[in-house]
Amino acid sequence: MPRQPAKSKPAKNSESASRGQGGELQQQAGGTHPVLTTQQGIAVPDNQNSLRSTPRGPTLLEDFILREKITHFDHERIPERVVHARGSGAHGFFELTHSLAEHTTAKVLSEKGLRVPVFCRFSTVAGGAGSVDTPRDVRGFAVKFYTPEGNWDLVGNNIPVFFIQDAMKFPDLVHAVKMEPDRAFPQAASAHDTFWDFISLMPESMHMVMWIMSDRTIPRSLRMIEGFGVHSFRLVNAQGKSTFVKFHWRPVLGLQSTVWDEAVKLQAADNDFHRRDLFESISAGNFPAWDLAVQLFSEEEADAFDFDHLDATKLVPEELVPLQVIGRMTLDRWPDNFFAETEQVAFCPANVPPGIDFSNDPLLQGRLFSYLDTQLSRLGSANFTQIPINAPQCPFAHNQRDGHMQMQRPKGRVAYEPSSLQADSPRASAATGMRHFAEAPDDGVKGRVRAESFADHFSQARMFFQSQGHIEQAHMASALVFELSKVETPAVREAVVGQLQHIDKGLAERVAKGLGMAKLPAPPPAAQPAKEMPVSPALRLIDRMKPTLAGRCIGLLVADGSNAESIAKIRKAVEAAGATLKVVAPKIQVQLSDGSTLAADGQLAGTPSVLFDAVASVIPLEQGSLLSHEAAAVDWFRDAFGHLKAIAACKGTRQILSAGGIEPDAGVFTPDQIAEFLKAAQTRQWVREPKLRSLA
Ligand code: HDE
């Protein structure tokens, strides 16, 4: 698109012509731009000036063009999601590679090779729509499959368990974690009194608390998170037999997280870090992909677990029920319009095709109600399923009619059933319709009760903590210290540490010490003490990061006079390793040693090293000495070093490193060691961490 607006000769008599105010933007007859019109299709003569009684007189009410434009603008916002308000979405497809025909009639899970379109939305939970991408928070992972049998929404998170066991507690949880209602802060943060107050009084949340204090909640990229359906669902086959299923998304790029100090600094460096990362990788043709895996188990197997799988605070360890990969989702297209698609998309866990059914998980049961209800207020009309992003892409027919914003023009007299007047009016089908699993009721009595089998709040929290490596445990303990240090009420801090004692005494002691507590607070009574469970290495993070540079980004700092050949060499090696290279420089245009000009991707002051997975530099000696007095340059390396990144530093750069007090270690390389640098860049330099910061 040319940046220049079409030049036009303003009409002789128009105000804009005589005043010369913006008249140049008007449509030139025969130009390539379509004529601007009102919503009613009336051509707009002038989009710069409202209709005035005289050139300096009042604006006329008669100006329907102005009124329509402003009225529409006044109503541009819809209520944001009460949770998961900030999100980024993309289109793609899912392809089934392994049939589950034995277990389900759903075509999307049984017709091997079937490819269905999907729309996927990732989100944070606590912050508003305009909040940042990188707080410590759970990530929503919602996928809408447009299957040949209707829409299937798998509305999950990047953590396999949840805070609470019963839908009744969801509004309390959300009120506690969102900004406090009197002061309206903190935005997008769990580090405040009301959240931890609630948590300390809800021991069932302790397993999820272990996960949110782990580095899973500070992901490097949305392309590098796992997804979980969380609840047990049922698969139902042609004979009506049911098998329980847990859904898992596994990122092809592997897991990758940031370190906490980096996540905090990312909030300042780029509010849209994850959204931009997703957009840029899809635009570059590096399509993120996830394998869909299932855990399948029978009712009898479930009965033998020593936990209740209907309790969403529990996971089914992979060591107990292995995962089977059955297909792959690839995201290959950014939405045309954020509002129309990512904002208006309406997920609902109740959207399942025949062959998938619900379990009695009381959290899931509540969700089956909540999502449709929230869409009605958020999208404003019962016809929200007609919005293209929400509409099924298979044939559909029903007798629902009218309502706000009805887009369809149904024909005929018949909008009811039974009817005999119209041959093409829709009829229910027992053969292809939704088949609910014929579950026999259990023999309990009606009541507001919590099953006894939900009373174990600590065993899996303990298993999760004990399954982690020592670095991850230290990060969790430090995250707890960070969060609780922001809590102003000492009794709340003490209550949380008391609960931690039920999980792991050592962890409670580390956190108490980090909070400067004189003595360990007593644990509150527990419904059940933690049982010893075998550790589950599959729950670790660092071990599961892939040794690869695919999908990663290397920052290269250059300056005037930088050696063009060295830059080209580094670029070639980085790209050959599957990573992207971004050039950063004190000015966005630099003159290289060979006289050529290089356009940098970012200016140093606005492109800190937190944006990259590893950093390199090609800087002439004299520029190195200038930059060693430049805070942005010193911080660039100090942060990269502090965030445990590999560094390839040329001679000129060594002056900057010493200005930053950096003592090069095994993760700092020379430009000749490019292969070694790229190998080290595949991971973080974990051995460096204890030398840099005291972890709890
Ligand atoms: Fe949600 N949740 N949720 N949730 N949830 C919403 O629906 C709710 C829960 C999840 O990108 C809302 O459209 C209740 C678990 C995601 O649009 C709302 C309960 C899991 C998204 C709602 C839960 C989730 C939502 C807000 C407890 C992981 C964003 C706006 C019974 C398995 C979807 C909306 C998107 C959104 C209710 C618990 C995931 C209010 C009542 C557990 C990924 O309906």
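Which element gives the largest share of the shell around the ligand? Select H11: 6 residues of the shell come from this helix. Helices (H or I, at least four residues) and strands (E, at least two) are DSSP runs, numbered from the N terminus.

This is a predicted model, in which local features need pLDDT of at least 70 and side-chain atom pairs count only at pLDDT 80 or more, while totals for chains, interfaces and linings use all residues. Residues are numbered from 1 along each chain as its sequence is written, and side-chain values use heavy atoms, with hydrogens and water left out.

Next, select Tyr 371, which lies in helix H11 (residues 362–379). Its OH is the only protein donor of the iron atom of the ligand, at 1.8 Å. Donors are N, O and S atoms within 2.8 Å of the metal (3.2 Å for Na, K and Ca); water is not among the atoms, so sites may look incomplete.

Now show the residues around the ligand, those with a heavy atom within 4 Å of it. Of these 23 residues, Arg 81, Arg 121, Ser 370, Tyr 371 and Gln 375 come nearest. A polar side-chain atom of Arg 81 lies 2.7 Å from an oxygen atom of the ligand; for Arg 121 the distance to a ligand oxygen atom is 2.6 Å.

Finally, select Cys 120. It is buried (under 20% relative accessible area, 1.4 Å probe, protein chains only), with a value of 0%. Its sulfur is 17 Å from the closest cysteine sulfur, in Cys 348, too far for a bond. With a disulfide taken as a pair of cysteine sulfur atoms within 2.5 Å, the count is 0 disulfides.

Conventions
Buried < 20%, exposed > 50% of the residue type's maximum accessible area, 1.4 Å probe, protein only. Polar contact = N/O pair within 3.5 Å; in protein donor to acceptor, adjacent residues only side chain to side chain.
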